[in-house]
Amino acid sequence: QLQLVESGGGLVQPGGSLRLSCAATGFTLDEYPMAWFRQVPGKEREGVSCISRYGATNYADSVKGRFTISRDNAQNTVYLQMNSLKPEDTAVYYCAANFRLSLGCSYSGMDYWGKGTLVTVSS
């Protein structure tokens with residue numbers, strides 16, 4: 001059974017850090033591009049970062065220099081290290097897999113989603 005499970009969300013003060021994890025079961029995630037998204041109630045889901053099969057990465061301008069996406073193939077897990085967090089980073093964060101894209105990574109055409117983890121940045 002295919003499954004993506006996010007964890008690591010929580011409450012953090014501005015300027016703090018969190019590391020989100022996305023554990024995959026039912027497939028080997030290093031064979032597919034993976035992406036992190038976030039969504040605030042009432043707003044559209046936003047692509048935050050993605051990583052290709054070969055390790056190429058992409059970041060939204062709003063998180064560039066603060067967030068880092070990585071993958072641990074032995075753990076079959078993708079991570080999102082978030083530093084220098086701001087109140088505007090508050091959102092539910094989702095990971096997703098693209099089973100059809102062979103090169104690069106993208107924020108469209110995702111085939112499978114996790115259920116999300118809530119990140120709240122507040123003093």
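Here is a short chat about the disulfides and one strand residue of this predicted model.

Residues count from 1 along each chain as its sequence is written, and side-chain values use heavy atoms, with hydrogens and water left out. As the model is predicted, local features need pLDDT of at least 70 and side-chain atom pairs count only at pLDDT 80 or more, while totals for chains, interfaces and linings use all residues.

Trainee: How many disulfides are there, counting pairs of cysteine sulfur atoms within 2.5 Å?

Mentor: One pair is Cys 22 and Cys 95, with sulfur atoms 1.9 Å apart. Another joins Cys 50 to Cys 105, S to S 2.0 Å. The count comes to 2 disulfides.

Trainee: How many residues apart are Cys 22 and Cys 95?

Mentor: Strands are DSSP runs of E, at least two residues, numbered from the N terminus. Cys 22 sits in strand 3 (residues 18-25) and Cys 95 in strand 9 (residues 91-97). The bond links distant parts of the chain, 73 residues apart.

Trainee: Is Cys 105 buried or partly exposed?

Mentor: Buried means under 20% relative accessible area, exposed over 50%, and partly exposed in between, using a 1.4 Å probe and protein chains only. Its partner Cys 50 has 1%, so Cys 50 is buried. Cys 105 has 23%, so Cys 105 counts as partly exposed.

Trainee: Which cysteine that touches Met 34 lies in strand 5?

Mentor: Met 34 is in strand 4 (residues 34-39). Contact means heavy atoms within 4.5 Å, and residues touching Met 34 include Cys 22 and Cys 50. Cys 22 belongs to strand 3, while the one in strand 5 (residues 46-51) is Cys 50.

Note on methods:
Helix = DSSP H or I, 4+ residues; strand = E, 2+ residues; numbered from the N terminus. Disulfide = S-S within 2.5 Å. Lists of a residue's contacts leave out its neighbours within four places in sequence.
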